[in-house]
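Me: I have a structure open on my screen and would like to learn how to read it. Could you take me through it one feature at a time?

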Amino acid sequence: VKMAASDVLVALARSHFHFVMSELQSLLKATGKVPDETVFLTLGKMARSYALRCIPFVGMTLPALRTMLSRAGSGRILRAICSVLNQWSKEVNTYICNQEQRAFPCKGVAQFCEAVYPVLCYMMANWLDGEEEEDKQAVLEAVGAMVEVLLHEEQHRERAWEQLLWLLHRYQEVRDTSQITESLSYVLERLEGVQTPVPQGLMVLAISTAVHRQLSDVTKEPGPAHKAVLSRCIMLQARICPKETVVFLHTRLSDGSEAGCVAALGLLGVLTHSDAPGMREKLPQVVEAVRSVCNDPSAQVRRAVLEFIRELLSSGSQSCWTWDVVGHIFTEFSRNSGRLVR
């Protein structure tokens, strides 16, 4: 019934757009209670159906949704609000991109960011630790879409980096870090989508260190699903900053930690499957880095080297330097010939 009611309102907006939007705004501004779910369903559909006509209402709608977030509990209403934030942020992002293509002044971009930023801060501070998987997914999608908006304007881009650093710092504060990794993955996906240069040095180091530390922490080893998302984060970062990512992992091969070396080898193996041109150019450098630990006395490291070679060969590379590492496999056979039967 609520879905049908929202469809009727959206249809009515074709000829009475400002009337419908004004009514929705008044319901959002009503004090003391959260509107019916129909209001949020309609707002989301309005953005999809009448994106350009909704743009003037962004400055009113997003602050009102921020207030609704402070009143909503978990569940359907929270997810409905997140859906609206996600959809409206996507439409704002599309509008900004079209603005830039038409060489419009950037004044409007800053205004959009001013509306988005407080909502983003509130969501990251209050809704990333939800217990329900559906709630967390909805929050993550909304956060990712809002970050994408902030990355279009230089001043707010700095704020986006601040939020990302804050997110990385939370790895040290919570026991279950899988949700933080999911958030990081969403942010990195947005970064690649808007082709925004990542601040070199501090930011790349912070992301790489956080991911590597999670994989090399023997006291709380992440599960397979979490490992996959951590690996995806490095893959996404390498698409944006291949040189810095490879250099970081190279240094971790020789930092004296067995667990750290194994984790670095695993991530380097993941990068062999990258289709980014910048990363493909770095593959010879990656192989050369792995050669430096081929004779490590640790069985764990040697096993990780073999796993890297398997990933390298299965990546489809046809370069002759790939086959240079195959001899190491036979070296390991000879080294362990006494245990082959086992």
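Reply: Gladly! A nonpolar patch is built from residues with over 30% relative accessible area and no salt bridge, whose nonpolar side chains are joined within 5 Å. Keep in mind that this is a predicted model. Here L9, L12 and F19 form such a patch on the surface, with about 250 Å² of accessible area together.

Me: Where does F19 sit, and how accessible is F19?

Reply: F19 belongs to helix α1, which covers residues 2-29. Its relative accessibility is 49%, so F19 counts as partly exposed. The cut-off matters for that label, because exposed means over 50% and buried means under 20%.

Me: What about another residue of that helix, S22: which accessibility class does S22 fall into?

Reply: S22 is also found in helix α1. With 41% relative accessibility, S22 counts as partly exposed. You can use S22 to practise comparing sequence with space: S22 and F57 are 35 residues apart along the chain, and their C-alpha atoms are separated by 9.4 Å.

Me: Now the rings. How many aromatic pairs are there in the whole structure?

Reply: The general idea is that two rings pair if their centres lie within 6.5 Å, and planes over 60 degrees apart count as edge-to-face. A search of the whole structure finds three aromatic pairs. One of them joins F17 and Y50 edge-to-face, at 5.8 Å centre to centre with 70 degrees between the planes. F17 lies in helix α1 and Y50 in the loop between α2 (37-49) and α3 (51-54), so this pair ties together parts that are 33 residues apart in sequence.

Me: Are F17 and Y50 buried or exposed?

Reply: F17 and Y50 are both buried. Another edge-to-face pair is made by Y95 and F112, with 5.8 Å centre to centre and 90 degrees between the planes. This pair links distant parts of the chain, 17 residues apart: Y95 is in helix α5 (residues 76-101) and F112 in helix α6 (residues 107-126). Y95 is buried, and F112 is buried too.

Me: Which residues form an aromatic cluster with F17?

Reply: Y50 and F57 do: together with F17 they form one aromatic cluster. You have met F57 already, as the residue whose C-alpha atom is 9.4 Å from that of S22.

Me: Let's go inside. Which residues of the largest nonpolar core touch the most other members?

Reply: A nonpolar core is a set of buried nonpolar residues joined through side-chain atoms within 4.5 Å. The largest one here has 105 residues, and M46, L69, L85, W88, M123, L184 and L265 touch the most other members. Helix α6 supplies the largest share of this core, eleven residues. Domain 1 (1-152) and domain 2 (202-341) each give at least three residues to this core.

Me: And charged side chains? How many salt bridges does the structure hold?

Reply: Side chains of opposite charge can pair when their charged atoms come close. The structure holds eight salt bridges. In one of these, E189 meets R232, with the closest N and O atoms 2.7 Å apart. E189 is in helix α9 (residues 178-194) and R232 in helix α11 (residues 224-240), so the pair links distant parts of the chain, 43 residues apart. E189 is partly exposed at 31% relative accessible area, and R232 is partly exposed at 39%.

Me: What does a salt bridge within one helix look like?

Reply: Try E288 and R291, whose side chains meet at 2.6 Å, N to O. These residues are three apart in helix α15 (residues 283-291), which means that about one helical turn separates them. E288 is partly exposed with 47% relative accessibility, and R291 is partly exposed with 32%.

Me: Which residues are joined into one network by salt bridges that share partners?

Reply: Begin with R310 and E311, whose side chains form a salt bridge of 2.9 Å, N to O. R310 is partly exposed, with a relative accessible area of 46%, whereas E311 is buried at 19%. Salt bridges that share partners join E307, R310 and E311 into one network.

Me: One last residue, please: is L215 buried or exposed?

Reply: L215 has a relative accessible area of 19%, so L215 is buried. L215 is located in helix α10 (residues 202-216). In sequence L215 and G266 are 51 residues apart, and in space their C-alpha atoms are 9.1 Å apart.

Technical notes. Residues numbered from 1 in each chain as written. Predicted model: local features only at pLDDT ≥ 70, side-chain atom pairs only at ≥ 80, totals over all residues. Heavy atoms only, no water. Patch = residues over 30% accessible without salt bridge, like charges linked within 9 Å, V, L, I, M, F, W, Y side chains within 5 Å. Areas by Shrake-Rupley, 256 points an atom, 1.4 Å probe, with all protein chains shown as cover. Salt bridge = Lys/Arg side-chain N within 4 Å of Asp/Glu carboxyl O. Helix = DSSP H or I, 4+ residues; strand = E, 2+ residues; numbered from the N terminus. Buried < 20%, exposed > 50% of the residue type's maximum accessible area, 1.4 Å probe, protein only. Phe/Tyr/Trp six-rings, centres within 6.5 Å; stacked < 30°, edge-to-face > 60°. Domains from an automatic or database assignment.
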